[in-house]
Amino acid sequence: MIPVLLPVLVAVPLLTAALLVLPLARGVARALFLGTSAFALAAGAVLVWCTREGQVHAHQVGLWPAGVSIPFVADTFSALMVTTTALLVLVCSAFAVATGEAGRRFFPSLVLVLSAGVYGALLTGDLFNLFVFVEVMLLPSYGLMAIAGTLRGLRGGRTYVAVNLLTSTVFLAGVALVYGTAGTVQLGELAGAAQESPVVAAAMGVVLLAMSVKAAVVPVHGWLARTYTAPSPAVTALFSGLHTKVAIYAIYRLYAVVFGGESSLLWVGLVLFGATMLIGVLGAVGEDTTRSILVFHMVSQIGYILLGVALFTELGLMAGIFYLIHHMVVKASLFLSTGAIEHVHGTGRLDRLGGVARREPLLALAFLGAALSLAGLPPFSGFVAKLTLVAAAFADGQWAVAAVAVAVSLITLMSMLKIWGSVFWGPDPGSGPEPGGGRSAQGSGTVTAPPAATRIRAGLVLPAAALTGVTLCVGLGAQVLLGLSAQAAAHLLDTSTYVEAVTNR
């Protein structure tokens with residue numbers, strides 16, 4: 001029963017997306033939109049439960065033999081990612097409903113197709129089908145970038161399309177090279193192939209290069225800041241939890257299965273991911289809008305997450321997986337809390353906002369909790385994530401990268417306090433239109449800034465507050481997720497069970 005659930009996770013969002021193109025009653029459309037992600041969340045939770053003790057479930061689509069069919073595989077790692085993804089899609093969709101953006105005819109369908117592509121990429125056991133599902137994920141993203149119709153959104157969408165088309169071309173070329181050198185693209189058949197053949201290793205290096213661009217690893221990170229500040233806040237929050245995280249998941253999976261955790265190459269990751277942590281946080285220092293600061297911090301946190309695979313120890317992998325789940329939730333919460341302010345006040349400029357904490361205490365608490373978690377302070381999940389990751393670096397003798405991680409955490413805290421002091425704790429801004437004709441600094445079109453006393457509706461506040469509540473609960477009950485992360489790490493260190501499930505041997 002459980003194996004059959006895997007392709008259903010992809011099929012149901014696609015079918016619902018097609019249905020939502022039809023002219024349906026608003027209530028029916030909204031119920032289908034949110035209900036599909038609620039179903040995916042429940043299915044993900046079932047997968048986590050059924051893989052918690054190391055089980056791996058696989059399904060060969062169409063019941064064709066392994067090597068011919070499209071393999072779907074779920075272990076603890078992919079189950080955790082599916083569950084977290086479904087949670088974020090549901091919460092961001094609820095935020096889009098509150099802003100009215102979900103009322104656009106094609107918006108729900110685009111979001112559901114995007115989510116189907118993500119689920120497929122997380123569950124596939126085939127390299128070519130990973131490419132296919134990544135493209136399924138990207139195609140609706142192009143529409144979501146431009147759906148608002150603003151000039152800034154179109155410019156950001158142009159950059160986004162150009163970068164991802166080029167990267168997808170590199171990705172496909174890498175897949176072709178792997179097939180040409182190894183004779184297969186099924187992950188089970190490719191297990192350890194890079195260790196046995198330098199030619200296969202070089203071909204897989206092309207694939208990992210493409211994934212590094214999509215994950216925004218330094219020095220190929222600049223596109224993220226140019227594009228994630230362009231769409232609506234709901235879309236930015238959705239992208240933050242899905243796009244780069246699929247690439248990170250792929251890096252973890254491919255390096256573990258195909259390279260077998262080859263230790264001689266790990267120093268490259270330590271250098272690149274340490275630089276990503278540092279350059280990302282320094283890039284945030286000079287920014288003056290909430291979203292641009294958070295986007296640069298997103299680059300920095302990607303370095304933390306990937307540090308786990310660069311260490312490739314049991315503790316390091318466990319810490320990296322825990323950090324990945326934590327970051328998806330916290331970053332989406334921050335984008336949603338600041339996005340609520342931007343939606344109502346028409347700007348995310350620090351010098352045009354202030355006094356939000358006095359008017360919106362719940363929103364202020366939601367932001368503050370997520371910000372403290374991002375900086376790694378207790379009792380939130382970020383404290384456990386960073387403490388475990390730094391401990392893993394120390395245990396592996398990587399003193400320099402551990403020192404960078406600690407220093408970057410301090411700068412991250414300073415940046416979060418910068419937003420808090422300007423937007424939430426600063427003096428109320430004057431009422432009236434913004435300078436320059438009231439154009440939003442972050443591209444939401446021509447707007448007139450509302451009076452400082454304008455209240456933010458509860459529907460805009462609750463999504464961010466819910467995710468902040470998740471990071472608090474995970475921090476207080478960290479042992480649960482740590483245990484699941486440890487099980488996921490065990491599958492990466494010893495891929496035999498995963499390989500057996502994919503090859504059906």
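**Exercise 1.** Leaving aside neighbours within four places in sequence, which residues is Tyr252 in contact with?

*Solution.* First, the ground rules: this is a predicted model, where local features need pLDDT of at least 70, side-chain atom pairs count only at pLDDT 80 or more, and totals for chains, interfaces and linings use all residues. Numbering starts from 1 along each chain as its sequence is written, and side-chain values use heavy atoms, with hydrogens and water left out.

Now look for contacts (heavy atoms within 4.5 Å). Tyr252 touches Phe77, Ile305, Leu306, Gly308, Val309, Leu317, Gly320, Ile321 and Leu492.

**Exercise 2.** Work out how α12 and α13 are oriented.

*Solution.* Start with the axes, lines fitted to C-alpha atoms over the stretch in contact, with angles from 0 to 180 degrees between N-to-C directions. Helices here are DSSP runs of H or I, at least four residues, numbered from the N terminus. Helix α12 (residues 290-311) packs on α13 (residues 314-345) at about 170°, axes 8 Å apart. So the pair is roughly antiparallel (over 145 degrees; under 35 would be roughly parallel).

**Exercise 3.** Do the same for α3 and α13.

*Solution.* Helix α3 (residues 76-99) meets α13 at about 5°, with axes 10 Å apart. The two are therefore roughly parallel. Next, the partners: Phe77 and Leu80 are among the α3 residues in this contact, and Ile321 and Leu324 are among those from α13.

**Exercise 4.** Is α4 largely enclosed or not?

*Solution.* Count the buried residues (under 20% relative accessible area, 1.4 Å probe, protein chains only). That gives 15 of 17, so α4 is largely enclosed by the rest of the structure.

Technical notes:
Angles under 35 degrees count as roughly parallel, over 145 as roughly antiparallel, 65 to 115 as roughly perpendicular and the rest as oblique. Buried means under 20% relative accessible area, exposed over 50%, partly exposed in between (1.4 Å probe, protein chains only).
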